[in-house]
Amino acid sequence: MSYDRTVRLTSGFATTVDAVREALAAQGFGVLTEIDVTATLKAKLGHDMEDYVILGACNPSLAHRAIEADRAIGLLLPCNVVVRREGDHTIVQALDPNTMVTLTALPALQPVAQEATARLDAALASLA
């Protein structure tokens, strides 16, 4: 089962992170958190790795609708967007919102997943 929505870009890492923030905002998502995985692993473990950032994005309306349907759904909300380097490319990945529906089998989440998918796909498409 595929659980991600992914685009591969040739733009630089920092430029892509900025573009992802803007693309998410245009679709009603705010970035609430940012985890610099590269810096964290270097500081905590002395491990060097490629550029890798996790943006914690949230669309309040969609999150509210999903949480109303299932209080535990916060575990599966498609909030994390990963921006990472892979060779000469920058990869942008988001959790496929349909994963919420597949794992919970709750019909009430289907319209939320459909809207979230449309918004995330629009954000990702605007990057290419």
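Y3 counts as exposed, because its relative accessibility is 52% and the threshold for that class is over 50%. The model under discussion is a predicted one. In the chain, Y3 belongs to the segment that precedes strand β1, which covers residues 4–9. Y3 also takes part in a nonpolar patch on the surface, together with M1 and L103. The accessible area of these three residues together is about 400 Å².

From this surface patch, the description turns to strand β3. This strand spans residues 52–58, and six of its seven residues are buried, so β3 is largely enclosed by the rest of the structure. Two strands pair with β3. One of them is β2, residues 30–36, which runs antiparallel to β3 and is joined to it by six bridges. Within this pairing, V31 stands opposite A57 of β3. The other is β4, residues 80–86, which is also antiparallel to β3 and is connected to it through five bridges. Here Y52 has R84 of β4 as its bridge partner. As a general principle, the side chains of a regular strand alternate between the two faces of the sheet.

Helix α2 comes next, and it comprises residues 37–45. At its N-terminal end, D36 acts as a cap: one of the side-chain oxygens of D36 lies 3.2 Å from the backbone nitrogen of T38. T38 itself is a residue of α2. Is T38 buried or exposed? T38 counts as buried, because its relative accessibility is 16% and the limit for burial is under 20%.

The surroundings of T38 can be described in further detail. Leaving aside residues up to four places away in sequence, T38 touches H47, M49, E50, D51 and Y52. With Y52 there is also a polar contact, in which the side chain of T38 reaches the backbone nitrogen of Y52 at 2.9 Å. Y52 thus appears in two settings: it is contacted by T38 of helix α2, and it is bridged to R84 in strand β4.

K44 is another residue of α2. Whereas T38 is buried, K44 is exposed, because its relative accessible area is 68%. Between K44 and C58 there is a separation of 14 residues in sequence, and their C-alpha atoms are 28 Å apart in space. Just after α2, the chain reaches G46, which takes a positive phi of about 70°.

Definitions and conventions: Residues numbered from 1 in each chain as written. Predicted model: local features only at pLDDT ≥ 70, side-chain atom pairs only at ≥ 80, totals over all residues. Heavy atoms only, no water. Patch = residues over 30% accessible without salt bridge, like charges linked within 9 Å, V, L, I, M, F, W, Y side chains within 5 Å. Areas by Shrake-Rupley, 256 points an atom, 1.4 Å probe, with all protein chains shown as cover. Salt bridge = Lys/Arg side-chain N within 4 Å of Asp/Glu carboxyl O. Helix = DSSP H or I, 4+ residues; strand = E, 2+ residues; numbered from the N terminus. Buried < 20%, exposed > 50% of the residue type's maximum accessible area, 1.4 Å probe, protein only. Pairing = 2+ DSSP bridges. Polar contact = N/O pair within 3.5 Å; in protein donor to acceptor, adjacent residues only side chain to side chain. Contact = heavy atoms within 4.5 Å.
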